[in-house]
Structure formats: C-alpha cells, structure tokens
Amino acid sequence: MILYENDKPRYFDKNGKEITDGCTIRYADGHTEKVYRTTDDQLGTDATNPSWIKSGRAIACEYGIYPLGSLETDEVEVVEERSGNE
C-alpha cells in the first residue's frame with residue numbers, strides 16, 4: 001500500500017509494516033531486494049543487472065531504480081530493516 005502524507009509517499013508491505021530506504025524486502029517467490037530512494041522521493045529496487053555488479057561491470061543503481069508500485073507493496077514483506085549506521 002502506498003499512502004501520501006503532505007504529498008510525500010509512504011510505503012507499507014503486505015503486513016502493514018513501513019518500507020523504508022535501505023531496508024530489505026522479500027517477494028512471494030522468495031527473492032530479496034534492497035530498497036533505495038529515488039531523487040523524486042519514490043522507493044524502489046535496483047534496475048542494474050546483479051551479475052554485472054558481482055563482476056564489477058557496474059555499480060548498484062547505475063542503471064536506475066525500478067519504483068515500487070501498489071502491486072509490489074501488496075506482495076512484499078520487510079525482512080530486514082535499515083540499520084542506523086546507513
């Protein structure tokens with residue numbers, strides 16, 4: 001679910017837990033993704049090919065961020081919250 005508060009989006013997972021920048025979410029198929037904030041204040045996941053990051057051909061988010069939509073937030077659950085060190 002995505003709610004707007006003072007024109008700023010707030011994202012919640014299927015259990016009602018808030019999705020925040022830097023947390024990790026798990027999709028129904030079991031794969032996990034780190035959440036990033038875009039320059040226009042949306043939350044999303046890395047669009048860069050993970051194998052390119054592992055091989056050093058690219059860095060995280062080099063090819064953008066896929067914004068989270070209502071369909072994704074209804075499916076995912078937060079599995080790891082952002083640490084206070086980030």
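**Loops, strand pairing and overall dimensions of the predicted model**

D7 counts as exposed, because its relative accessibility of 74% is over the 50% that marks the exposed class. The structure in which this residue is described is a predicted model, and the values reported here are computed from that model. The position of D7 along the chain is in the loop that runs between strand 1 (2-5) and strand 2 (8-12), and its backbone takes a positive phi of about 65° although the residue is not a glycine. Most residues other than glycine have a negative phi. The preceding loop residue, N6, also has a positive phi, near 55°, within the hairpin that strand 1 and strand 2 form with 2 residues between the strands.

A further positive phi occurs at D41, where the angle is near 70° in a residue that is likewise other than glycine. This residue is placed in the loop between strand 5 (32-37) and strand 6 (43-46), and strand 5 and strand 6 themselves form a hairpin with 5 residues between them, D41 being in the turn. With a relative accessibility of 26%, D41 counts as partly exposed, because partly exposed residues are those between the buried limit of 20% and the exposed limit of 50%.

At the level of the whole chain, the secondary structure of the protein amounts to 2 helices and 8 strands, and these elements follow one another along the sequence in the pattern β-β-β-β-β-β-α-β-α-β. The radius of gyration is 13 Å, close to the 12 Å that the globule rule gives for 86 residues, so the protein is as compact as a globular protein of that length. Taken along the principal axes, the box filled by the C-alpha atoms is roughly 40 × 30 × 30 Å.

Of the 86 residues in the protein, 26% are buried, and the exposed area of about 5,700 Å² is supplied to 46% by carbon and sulfur atoms. Contacts between residues at least 6 apart in sequence include a share of 47% that joins residues at least 24 apart. As to charge, 10 positive and 18 negative side chains are present, and the centres of the two sets lie 4 Å apart.

Strand pairing was examined next. One open sheet consists of 3 strands in the order 1-2-3, with antiparallel pairing. Strand 1 and strand 3 (18-19) stand at the edges of this sheet, each with a single partner strand, so that one side of each is left without a neighbour in the sheet. Strand 1 and strand 2 run antiparallel and are joined by 4 bridges, and within this pairing Y4 stands opposite P9, a residue of strand 2.

Antiparallel pairing also links strand 5 with strand 6, over 3 bridges, and strand 6 with strand 7 (residues 65-67), again over 3 bridges. T45 takes part on both sides: this residue of strand 6 is the bridge partner of V35, and T45 also stands opposite Y66 in strand 7.

Two residues from the paired strands serve to illustrate how positions separated in sequence are arranged in space. Y11 belongs to strand 2 and is buried, because its relative accessible area of 3% is under the 20% limit for that class. Leaving aside neighbours within four places in sequence, the residues in contact with Y11 are M1, I2, K17, E18, I19, Q42, L43, L68 and T73. One of these, T73, is 62 residues away from Y11 in sequence, whereas the C-alpha to C-alpha distance between Y11 and T73 is 7.1 Å.

E5, in turn, is found in strand 1 and is partly exposed, its relative accessible area being 44%. The C-alpha atoms of E5 and E80 are separated by 24 Å, and the two residues are 75 residues apart along the chain.

Conventions: Residues are numbered from 1 along each chain as its sequence is written. This is a predicted model: local features need pLDDT of at least 70, side-chain atom pairs count only at pLDDT 80 or more; totals for chains, interfaces and linings use all residues. Side-chain values use heavy atoms; hydrogens and water are left out. The radius of gyration is taken over C-alpha atoms; the globule rule is 2.2 Å times the number of residues to the power 0.38. Buried means under 20% relative accessible area, exposed over 50%, partly exposed in between (1.4 Å probe, protein chains only). Contact means heavy atoms within 4.5 Å. Accessible areas come from the Shrake-Rupley method with a 1.4 Å probe; for residues, only the protein chains shown count as cover. Lys and Arg count as positive and Asp and Glu as negative; His and the chain ends are not counted. The place of a charge is taken as NZ of Lys, CZ of Arg, CG of Asp or CD of Glu. Two strands pair if DSSP finds at least two bridges between them.
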